Amino acid sequence: MSTSRYDGVMAGALDEEELDVWRAFSLMRRQLDLTLERRLQADAGISSADFAVLVSLQEEPTRRLRAGRIADLIGWEKSRVSHQLKRMVQRGLVTREECGDDARGVWISLTGDGSRAVLSALRDHSDAIRDNFFTLLTPEERATIESVSYRVLDRINPPICDAENTDTENAGDGDS
């Protein structure tokens, strides 16, 4: 007779090994995110949400993107991006400009303060990721995590359109 702590659980539930792996992964990811969030706050005075938006703008040669494109790049709903951008505009990290050719569209631009914030955060954030994650992995483990991550992403996420298609396709999508 089985003495598993999962006896009596309906068919199709995770088995004990799957549950242990999932719990360890979930706890590690939450704790790592929390550690990185605290470091960003302490080192650069910005949140991980600020950082995600600022990095997407910093990586763009023009330092300017449509709000909807930012949402696509960081994997957020447009409403969440909109609320985040309002807070960042108030703090002077980004500016918001109406699109001349689309009354519903919005351009978001990186300000000098936003650029300084993301650049000051990048080194410390990279060090925190390296210290708390990469130094613990062998090259083989890194390759496995990368491979598994992309397989999961391919299963759950639709592909992100390239920049040229997104700007023309989103011309009337109201990405404020």
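## Talking through a predicted fold

Biologist: Just after α3, which residue takes a positive phi, and of about what value?
Modeller: Happy to start there, with the reminder that this is a predicted model. The residue sits just after α3, and it is G75. Its phi is positive, at about 75°.

Biologist: Thanks! Which residues of α3 are buried?
Modeller: Helix α3 covers residues 67-74 and is one of the elements giving two or more residues to the largest nonpolar core. The buried residues of this helix are A67, G68, R69, I70 and A71.

Biologist: Let me step back, then. What pattern does the protein follow along the sequence?
Modeller: There are 7 helices and 3 strands to place. Read from the start of the sequence, they come in the order α-α-β-α-α-β-β-α-α-α.

Biologist: How many residues does the largest nonpolar core have, and which have the most contacts inside it?
Modeller: As a general point, nonpolar side chains in soluble globular proteins tend to be buried together. In this model the largest such core has 24 residues. Those with the most contacts inside this core are L54, L57 and I108.

Biologist: Which element gives the largest share of this core?
Modeller: Five elements give two or more residues each: α2, α3, α4 (78-90), β3 (102-110) and α5 (112-132). The largest share is 6 residues, and it comes from α2.

Biologist: Where is the second core, and which residues does it include?
Modeller: This core is separate from the one we just discussed, and it has 5 residues. Among them are L32, A128, F133 and L137.

Biologist: Back to I108: which residues is it in contact with, leaving aside neighbours within four places in sequence?
Modeller: I108 is one of the residues with the most contacts inside the largest core. Its partners include two residues that are buried in α3, A67 and I70. The full list is L57, R63, R64, L65, A67, I70, L85, V94, T95 and R96.

Biologist: Is D50 buried or exposed?
Modeller: D50 is in helix α2, residues 48-58. Apart from residues up to four places away in sequence, D50 touches Q84, M88, R91 and L93. Its relative accessibility is 3%, and the cut-off for buried is under 20%, so D50 counts as buried.

Biologist: And Q58, is that residue buried or exposed?
Modeller: Q58 also has its place in helix α2. Beyond its neighbours within four places, Q58 is in contact with R63, L110, S115, V118 and L119. Because its relative accessibility is 15%, Q58 counts as buried.

Biologist: How far apart in space are D43 and D124, C-alpha to C-alpha?
Modeller: D43 is found in helix α1, residues 16-44, and is partly exposed with a relative accessible area of 36%. In sequence D43 and D124 are 81 residues apart. In space, their C-alpha atoms are 6.9 Å apart.

Biologist: Which residues make the nonpolar surface patch, and what is its area?
Modeller: L153 is one of its members, and this residue lies in helix α6, residues 139-156. L153 is partly exposed, with a relative accessible area of 36%. Together V148, Y150, V152, L153 and I156 make a patch of about 450 Å².

Biologist: Last one: what share of the exposed area do carbon and sulfur atoms supply?
Modeller: Of the 176 residues, 30% count as buried. The protein exposes about 11,700 Å². Carbon and sulfur atoms supply 53% of that area.

Conventions. Residues are numbered from 1 along each chain as its sequence is written. This is a predicted model: local features need pLDDT of at least 70, side-chain atom pairs count only at pLDDT 80 or more; totals for chains, interfaces and linings use all residues. Side-chain values use heavy atoms; hydrogens and water are left out. Helices (H or I, at least four residues) and strands (E, at least two) are DSSP runs, numbered from the N terminus. Buried means under 20% relative accessible area, exposed over 50%, partly exposed in between (1.4 Å probe, protein chains only). Accessible areas come from the Shrake-Rupley method with a 1.4 Å probe; for residues, only the protein chains shown count as cover. Patches are made of residues with over 30% relative accessible area and no salt bridge: like charges are joined within 9 Å, nonpolar side chains (Val, Leu, Ile, Met, Phe, Trp, Tyr) within 5 Å. A salt bridge is a side-chain nitrogen of Lys or Arg within 4 Å of a carboxyl oxygen of Asp or Glu. Contact means heavy atoms within 4.5 Å. A nonpolar core is a set of buried Ala, Val, Leu, Ile, Met, Phe, Trp, Tyr and Cys residues joined through side-chain atoms within 4.5 Å.
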